[in-house]
Amino acid sequence: MARHMSGNTEELRHDAEVVIHLASPYVLADWDGALDAVVGSDTTMRISQGIGLGLLVSPLSARRLDELFIQLAKDHSRRRQLIFLVGERWILLSFDGVCPGPGLVRVHLQDVTPLKQGERAEYEAGQRLLVALETACIGVWEWYSGDSFISLCERVAQWLGIGSHAGELSLDACLARVHPGDRQRLIDLVRSRSFSRSTSEIHEIELRVSVGEDNYRWIVVAAASLPAEEQGVYARLCGSIRDVTELRRLELLDLRQQQLMSLAAEVQQAFLVDQSLVAACDRLFEPLLAITDSQVGFIGILRNSEDGSQYLEVPSISNISWDDASRAWYASHRDEGQSLRFHSLNNLFGHVVTHNTVVCTDMVSRHPASRGQPSGHPSIDNFLGIPLRFNGEAVGMIAVGNREGGYSGEQIELLAPFASVLGTMIRARQLEEQRALAEAALLREATHDALTGLANRKLFFSMADSLFEQALRYGQQVSLAVMDIDFFKSVNDKYGHQAGDKVLQMFAQTLSDAVRRSDVHARVGGEEFAVLLTQTSETNALDVLERFRLSLQASCIQLDDDIEIGITVSIGYCDFFDGLHDVDHWFNLADRALYLAKAQGRNRVVSWTPDQTGS
């Protein structure tokens, strides 16, 4: 039975990481605890029984899987994605080039059923609405050749705001209501020879017409000519008017949703490659403002401070530097040139994440959560804030503002799928950061001394091997010093081990302050320490060690009982030279110099020389 790659099933994720055999029927070799949430418990149980994906999916999906895994077997250098059907769930398979072993690939599985269902529902709703709009006759009109008025039915007259009964509207008044961008097309159609035929032929034109101040609606005008007795001359035109404003709105909404989801897919792919959430947010931010017709906004990520409080990290924000005051405000919130940090969440923005709710208002100053705007901040007249969620928890937010006409449920609906994708990306990055921190902590624990924080013996000798090879190959100058705290055992015997620990910690801190970041210093034994001084001549290295010795000699350690003690150090030193056999030989020579320093009275630096015995 396949083993699980992670035993942590308390926190469900939207995606599962699995390892799959390339051979049909594509049995899973490894998976993590999120697989159950992605494919369902029944499917997970069958997978646990050794049933491959090829036997679990629909026939069409099985063919697609065959094609995909054949391609991966030939060339796994390209990243690929495939959506397939397992039972009633649509699953997105993402391959990013990882092959953990021969005949194996690591992929991510994500449940995209809600997205597919939403797409299907939107498509069916759009089709029904399209049929209704195409067949419905909103109203009728009629115009006699040579007449200066057009006759309108009651519904059209009421709709256009010229009365509640059937009436007439002059040609000039009709043209005045047509949007300037569409007016000439209508004139050209009326004047064309198309209407001079004796047989009736239906013509249609789509226009924008004014139904109020700065308020236009899309209409489709259908017209047919009714000929007079004279050949080639029409007596009148008549037809219907259909309001297609809602259809155009839905088409625009659908187009913008497609743009957003394409953008989200592009950004998600980029995020998988470089793992930079800041870069991903920057990439999508300007298109997001354009698609939502917004002037200002930001994308925020909810973070936890070391003290447990929450703040918003804002990697992407609109250009708010419109004057000196706003530039100063912007600069004061920048964090290391990478992102803004807002630690106060007791405001309109913070309300979105602290209450995990959508905030949509056309009167920002009157919203209960509003606390005014910072000095120098550009005015925000209307605002839409949408929480980015993962498993129902707020992990960030999208904020946009200053849209002409304000915000409504339409913009909330538009951004909903996008917010879901972005929330998943943020959570994925958070999990990656947590994993990296845990790995770094484990690595540090394995390579550093717990008491002093310095490198331990294992890491020191590993670094020494590397520097030895560099010095041997490239002639780089490297010096090695070995040192002991003088009479350290008497400190432990007289004052106890806690006092000894304080001495070791103070010694380590003083040593760290004395050497450079490029130097390697470590605790290699109880009270024994070692230093590798890189790119340093013998004279400079001895100066560094002597300054450290004097600094330590001048230091004083305060114990709990108001007792002060001082310590000194004996140091043996050996510069790299061609006659060295290996690191152990090098270390032994420095250790011999340390022995001489102790024999000569301690608290001194002694350099190894070839005339010393045992060279």
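Is Glu-206 buried, partly exposed or exposed? With a relative accessibility of 23%, Glu-206 counts as partly exposed, because buried means under 20% and exposed means over 50%. That residue turns up again in one of the views below. Keep in mind throughout that this is a predicted model.

**Figure 1. The whole chain, before zooming in.** The protein chain runs to 615 residues, and buried residues make up 42% of them. Its secondary structure comes to 18 helices and 26 strands. If you look at contacts with a separation of 6 or more, 57% of them are between residues 24 or more positions apart. The chain exposes about 32,200 Å², with carbon and sulfur atoms supplying 50% of that area.

**Figure 2. A salt bridge inside one helix: Glu-124 and Arg-120.** Searching the whole structure turns up 15 salt bridges, and here is one of them, with the side chains of Glu-124 and Arg-120 meeting at 2.8 Å, N to O. Both partners belong to helix α5, which covers residues 113-135. They are four residues apart, or about one turn of the helix. Glu-124 has 32% relative accessibility, so this residue counts as partly exposed.

**Figure 3. A salt bridge between a helix and a strand: Arg-248 and Glu-206.** Here's the residue from the opening question again. The side chain of Glu-206 meets that of Arg-248 in a salt bridge, 2.3 Å from N to O. This pair links distant parts of the chain, with the two residues 42 apart. Arg-248 comes from helix α9 (residues 245-274), while Glu-206 comes from strand β10 (residues 203-212).

**Figure 4. A buried salt bridge across two strands: Arg-303 and Glu-313.** In this close-up, the closest N and O atoms of Arg-303 and Glu-313 are 2.7 Å apart, and the two form a salt bridge. Arg-303 sits in strand β13 (residues 296-304) and Glu-313 in strand β14 (residues 310-317), with their positions 10 residues apart in the numbering. Are these two charged partners buried or exposed? Both Arg-303 and Glu-313 are buried.

**Figure 5. A salt-bridge network: Asp-182, Arg-185 and Arg-208.** Not every salt bridge here has to be read as an isolated pair. Asp-182, Arg-185 and Arg-208 are linked in a network of them.

**Figure 6. Edge-to-face phenylalanines: Phe-298 and Phe-349.** Over the whole structure, the search finds 12 aromatic pairs. This one, Phe-298 with Phe-349, is edge-to-face: the ring centres are 5.1 Å apart and the planes make an angle of 75 degrees. Phe-298 lies in strand β13 and Phe-349 in helix α12 (residues 348-354), so the pair ties together parts that are 51 residues apart in sequence. Phe-298 is buried, at a relative accessible area of 4%, whereas Phe-349 counts as partly exposed at 22%. Both rings also belong to an aromatic cluster, together with Phe-342 and Phe-383.

**Figure 7. A second edge-to-face pair: Phe-576 and Trp-586.** For Phe-576 and Trp-586, the figures are 5.7 Å centre to centre and 80 degrees between the planes, again edge-to-face. Where does each ring sit in the chain? Phe-576 is in the loop between β25 (569-575) and α18 (583-599), and Trp-586 is in helix α18 itself, 10 residues away in sequence. Both Phe-576 and Trp-586 are buried.

**Figure 8. Charges over rings: Lys-116 on Trp-90, Arg-602 on Phe-487.** The charged end of Lys-116 sits over the ring of Trp-90, at 4.8 Å from the ring centre. In the other panel, Arg-602 lies over the face of Phe-487, with 4.4 Å to the centre of that ring.

**Figure 9. Two cysteines and no disulfides: Cys-360 and Cys-574.** A disulfide is a covalent bond between the sulfur atoms of two cysteines. How many are found in the whole structure? The count is zero. As for the two cysteines in view, Cys-360 counts as partly exposed at 33% relative accessibility, while Cys-574 counts as buried at 1%.

**Figure 10. The surroundings of Thr-43.** Thr-43 is part of helix α2, residues 41-48. Its relative accessibility is 14%, so Thr-43 counts as buried. Setting aside neighbours within four places in sequence, Thr-43 is in contact with Leu-56 and Val-86.

Key: Residues are numbered from 1 along each chain as its sequence is written. This is a predicted model: local features need pLDDT of at least 70, side-chain atom pairs count only at pLDDT 80 or more; totals for chains, interfaces and linings use all residues. Side-chain values use heavy atoms; hydrogens and water are left out. A salt bridge is a side-chain nitrogen of Lys or Arg within 4 Å of a carboxyl oxygen of Asp or Glu. Buried means under 20% relative accessible area, exposed over 50%, partly exposed in between (1.4 Å probe, protein chains only). A disulfide is a pair of cysteine sulfur atoms within 2.5 Å. Contact means heavy atoms within 4.5 Å. Accessible areas come from the Shrake-Rupley method with a 1.4 Å probe; for residues, only the protein chains shown count as cover. Rings of Phe, Tyr and Trp (its six-membered ring) pair if their centres lie within 6.5 Å; planes under 30 degrees apart count as stacked, over 60 as edge-to-face and the rest as tilted. A charge sits over a ring if NZ of Lys or CZ of Arg is within 6 Å of the ring centre and within 35 degrees of the ring normal.
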